[in-house]
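Please work through the exercises below with the coordinates open, and try each task before reading its solution.

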Amino acid sequence: MDEVIEEIGGGLNYTRPQFLRLMTMIENQQIGILVIAFKDRLCRFGFEYFEHFLKSHEGKLIVANAQT
């Protein structure tokens, strides 16, 4: 793990500074593998779009506590 990004805020707020920084890092292909604890902590709605955005920029997503 290279970096841990933490942010206090709700998954409904898409203007959080660290969330926007993460999106920029994905866009610049600086994220190879993104590990998150719960998908709804990152974003409550549009998670499928976020996952597609990450994959389309050569990233991989791991949800540590995924419900199977």
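The exercises that follow concern a predicted model, and they go from the whole chain to single residues.

**Exercise 1. Describe the fold of the chain and decide how its compactness relates to that of a globular protein of its length.**

Solution. Begin with the secondary structure, which amounts to 3 helices and 2 strands, and then read these elements along the sequence, where they give the pattern α-β-α-α-β. The radius of gyration is 11 Å, close to the 11 Å given by the globule rule for 68 residues, so the chain is as compact as a globular protein of that length. As a further description of its extent, the C-alpha atoms fill a box of roughly 30 × 25 × 25 Å along the principal axes. Finally, turn to the contacts between residues at least 6 apart in sequence: 58% of them join residues at least 24 apart.

**Exercise 2. Characterise the surface of the chain and the placement of its charges.**

Solution. The chain exposes about 5,200 Å², of which carbon and sulfur atoms supply 52%, while buried residues make up 28% of the 68 residues. For the charges, take the mean position of the 7 positive ones and that of the 9 negative ones; these two points lie 6 Å apart.

**Exercise 3. Locate H57, classify it as buried or exposed, and list what surrounds it.**

Solution. The first step is to place H57 in the loop between α3 (47-56) and β2 (60-63). The second step is to classify it: its relative accessible area is 18%, and because buried means under 20%, H57 is buried. The third step is to follow its side chain, which reaches the backbone oxygen of F53 at 2.8 Å. The last step is to set aside neighbours within four places in sequence, after which H57 is found in contact with I26, E27 and Q29.

**Exercise 4. Examine the backbone of Q29 and E58, and say what is notable about the sign of phi in each.**

Solution. Most residues other than glycine have a negative phi. Against that background, Q29 has a positive phi near 55° although it is not a glycine, and E58, also a residue other than glycine, has a positive phi near 65°. Next, place the two residues: Q29 is in the loop between α1 (17-27) and β1 (33-36), whereas E58 is in the loop between α3 and β2. Their accessibility completes the description, since Q29 at 48% counts as partly exposed and E58 at 61% counts as exposed.

**Exercise 5. For G32 and L12, set separation along the chain beside separation in space.**

Solution. Take G32 first, which lies in the loop between α1 and β1 and, at 43% relative accessibility, counts as partly exposed. Its C-alpha atom is separated by 24 Å from that of I8, a residue 24 places away along the chain. When neighbours within four places in sequence are left aside, G32 is in contact with E58, G59 and K60.

Now take L12, which is in the segment before α1 and counts as exposed at 57% relative accessibility. L12 and D40 are 28 residues apart in sequence, and their C-alpha atoms are 9.1 Å apart in space. Not counting residues up to four places away in sequence, L12 touches R44 and F45.

How values were computed. Residues numbered from 1 in each chain as written. Predicted model: local features only at pLDDT ≥ 70, side-chain atom pairs only at ≥ 80, totals over all residues. Heavy atoms only, no water. Helix = DSSP H or I, 4+ residues; strand = E, 2+ residues; numbered from the N terminus. Rg over C-alpha atoms; globule rule 2.2 N^0.38 Å. Buried < 20%, exposed > 50% of the residue type's maximum accessible area, 1.4 Å probe, protein only. Contact = heavy atoms within 4.5 Å. Areas by Shrake-Rupley, 256 points an atom, 1.4 Å probe, with all protein chains shown as cover. Lys, Arg positive; Asp, Glu negative; His and termini not counted. Charge placed at Lys NZ, Arg CZ, Asp CG, Glu CD. Polar contact = N/O pair within 3.5 Å; in protein donor to acceptor, adjacent residues only side chain to side chain.
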